[in-house]
Amino acid sequence: MTLDAHTPRVKQFDVTTWSDAAARGTLQLIAESVAQMVRFEVANISAVLDGILYSVAIEGGEEVKVAVTGLRTPIHYVLDELELADDWGRFKFVPHERMAEDDPFRWIPEFVPGEGADAWHPHDALLAPLYSVAGDLQGLLSIDLPISGARPDATQRNLLERYAAQAERALQNAFEREALAQRLRLTEAARRVVQLAVSRPDIDVALDECRPALLDGFRADDVLIRTYGDELAGSGGTAPRQVPERLRQQLRELAHTYWASQRVAILHPGREESEALEPEQHAALLAALRGLGHASGMLVPLGVGSRCLGHLILLRSHDDLRWTTDEQVGALEVARDIGHAVLASRNLMREQRLVAELRELDTYKTQLLSTVSHELKNPLGAITGHLELVVASEDLSRDMLFSLGAMGRATTRITRVVEDLLTLAKLEDPDARESAAELDLCPALVAAVDSTAFLASQRGVRVSLELPDAPLLVSGTPEGLERVFANLVSNAVKYTPRDGSVTLEVATTEIDPDVEVGRSGSEVVVSVTDEGIGISAEDQAHLFDEFFRSTNPAALAEPGTGLGLAISARIVETLGGRIEVDSILGEGSTFRVVLPAPRA
């Protein structure tokens, strides 16, 4: 789908601002490959953004690229064409007899068609709809100008099917990366706003300094922030604009209404608004925006708790770019942060509420870790799968195999980090934790030792496990407990020199109520002792912190994510237990996992 070469059009979309360079490069490579391998002069991959189809990767002559790249085509034109098409599998073919000759959104090459029923006509269209995982139309792959001058034969159609599948996966990946980039951009904007808003004693100065962060984070051209006065302070915010008093009052009323329902008001031509914003209000506000030189806006109420303290308005000069759901959610998050800063500047007691807001941000950080990890899993899976395909190819040189092996190892390390991040996020979310059940600890200990047997053999380290004859009953999950002890044993093996030993000992002890007030019953204690490099007292204080790596150069020489011990500690803590460590630098370490035994 391309634009009419004879119709003057204005570029509406900068392709380089969408997704990232790697995703766009993959789409461009697919466009080039399909044109070269199927022997067409033009191949175009487009993406659907807010109901508009934008060309994001184009292979063809310079004239075609200049005419097509970054331009917009309403999606209903594509849907109308698909209704007229013959079904060629993934591709749909629309013969020239069914095409409207006056369609302003088509680029029509100038050439004389050949003779015969299979001759390609300038008005012919061959395009493949590209769908999201959910089945929504996400883009289009279209090709034009066959070098042979004829419609594709069976062999070419088979190739086209494969390239359409590749283009679909690549476009899905590009959208996922764009969504991730947007979330990270909004998170950075929120972080910068919080940092600025709480670091200035004068709230108006702080709000004015927040403007660049808001403009960058929300891709806005202007932003207005107003705070409402109360018994502590008068109204304020960024520099006021010349607007009628009636409009100011209307904005204030809307802000209170939308704050109560935790929503934002989108001011955009042709957009259906909620019942809280009447059509007359929408039209009046749009007219006011145009008077300020803008085409659309987002009114975001700001406040804390049930109190609306003001509003901010994000403005854009063009109406092509819609306000996304992530931006709306992110704007509300930013508005909450600004509300806390306003209260903190008016009353010292608001500091308590700022602490609650920081806890919310910590929860948001955990959610972000989980989201980022999930978003990384798909591309990592794709990389791993394609590496396996490449390695399976014949006639690979030794250098190529060496490079592929290095890439495979790097992918494995990244995958391990992603899995650790997902586990950590899951452990920090009470709703996502697995339910513990009463079980025998012995199988988990045996499995942990078996999982490290190969590593121990490679390093020449002896691992011994002493188990009692009777079951060791604790509460937990087999996977969680095995992970805890596998991590402790593998660490002990890694940091123990050759011919050294690692010993696992198990004991059951009664809780002394005089020492541990309010507790009774028994505990299972598992000790993992090594003859390794030991841990300094300074490092022991941070040993179970996330991403902590020892300051000891000998320890840093071993690869790791800094998450293993943190995850182990979280698992044990969720079971009501604890991990203790005794270590002397240069003499070895003993880690003790203490788990409460189930009551009879």
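Trainee: What makes strands β8 and β12 count as paired?

Mentor: Strands pair if DSSP finds at least two bridges between them. Strand β8 (residues 222-227) and strand β12 (residues 307-316) run antiparallel and are joined by 6 bridges, so the requirement of at least two is met. Within β12, Leu312 is the bridge partner of Ile225. This is a predicted model, in which local features need pLDDT of at least 70 and side-chain atom pairs count only at pLDDT 80 or more, whereas totals for chains, interfaces and linings use all residues. Residues are numbered from 1 along each chain as its sequence is written, and side-chain values use heavy atoms, with hydrogens and water left out.

Trainee: In the sheet that contains β8 and β12, why are β9 and β10 said to stand at the edges?

Mentor: The order of this open sheet of 5 strands is β9-β8-β12-β11-β10, with antiparallel pairing. Both β9 (236-237) and β10 (265-267) have a single partner strand, so each has one side without a neighbour in the sheet. The names follow DSSP runs numbered from the N terminus: helices are H or I of at least four residues, and strands are E of at least two.

Trainee: Which strands of sheet β9-β8-β12-β11-β10 does helix α5 touch?

Mentor: Helix α5 (residues 203-217) packs on the sheet and touches β8, β9 and β12. Here contact means heavy atoms within 4.5 Å. The direction of α5 makes about 150° with that of β8; such angles run from 0 to 180 degrees between N-to-C directions, with axes being lines fitted to C-alpha atoms, for helices over the stretch in contact.

Trainee: What is the strand order of the open sheet of 7 strands?

Mentor: The order is β3-β2-β1-β7-β6-β5-β4, with antiparallel pairing. Strands β3 (72-74) and β4 (86-88) are at the edges, since each has a single partner strand, so one side of each lacks a neighbour in the sheet. From one strand to the next, the twist averages 30°.

Trainee: What makes β1 and β7 a pair?

Mentor: Strand β1 (residues 40-49) and strand β7 (residues 137-146) pair in the antiparallel sense over 7 bridges. In β7, Gly139 is the bridge partner of Ala47. Helix α1 (residues 21-38) lies across β1, β2 (52-59) and β7, at about 60° to β2. Helix α3 (residues 75-83) also packs on this sheet, touching β1, β2, β3, β5, β6 (125-131) and β7, and its direction makes about 60° with that of β3.

Trainee: Is Lys92 called buried or exposed, and why?

Mentor: Buried means under 20% relative accessible area, exposed over 50%, and partly exposed in between (1.4 Å probe, protein chains only). Lys92, in strand β5 (residues 91-94), has a value of 18% and therefore counts as buried. Among its contacts beyond four places in sequence are Leu82, Asp87, Leu126 and Pro129.

Trainee: Why is the link between Asp87 and Lys92 called a salt bridge?

Mentor: A salt bridge requires a side-chain nitrogen of Lys or Arg within 4 Å of a carboxyl oxygen of Asp or Glu. The closest N and O atoms of Asp87 and Lys92 are 2.9 Å apart, so the pair qualifies. Asp87 is exposed at 58% relative accessible area. By this rule the structure has 12 salt bridges.

Trainee: What makes the approach of Lys92 to Gly89 a polar contact?

Mentor: The side chain of Lys92 reaches the backbone oxygen of Gly89 at 2.8 Å. A polar contact is a pair of N or O atoms within 3.5 Å; within protein, one must be able to donate a hydrogen and the other to accept it, and residues adjacent in sequence count only if both atoms are side-chain atoms.

Trainee: Which parts does the salt bridge between Glu327 and Arg316 tie together?

Mentor: The closest N and O atoms of Glu327 and Arg316 are 3.1 Å apart. Glu327 lies in helix α8 (residues 325-346) and Arg316 in strand β12, so the bridge ties together parts 11 residues apart in sequence. Glu327 counts as buried at 0% relative accessibility, and Arg316 counts as buried at 1%.

Trainee: Where do Glu523 and Arg578 lie in the chain?

Mentor: Glu523 is in strand β17 (residues 522-530) and Arg578 in strand β18 (residues 578-584), 55 residues apart. Their salt bridge has its closest N and O atoms 3.3 Å apart. At 5%, Glu523 counts as buried, whereas Arg578, at 29%, counts as partly exposed. Salt bridges with shared partners join Glu523, Arg578, Glu580, Asp582 and Arg592 into one network.
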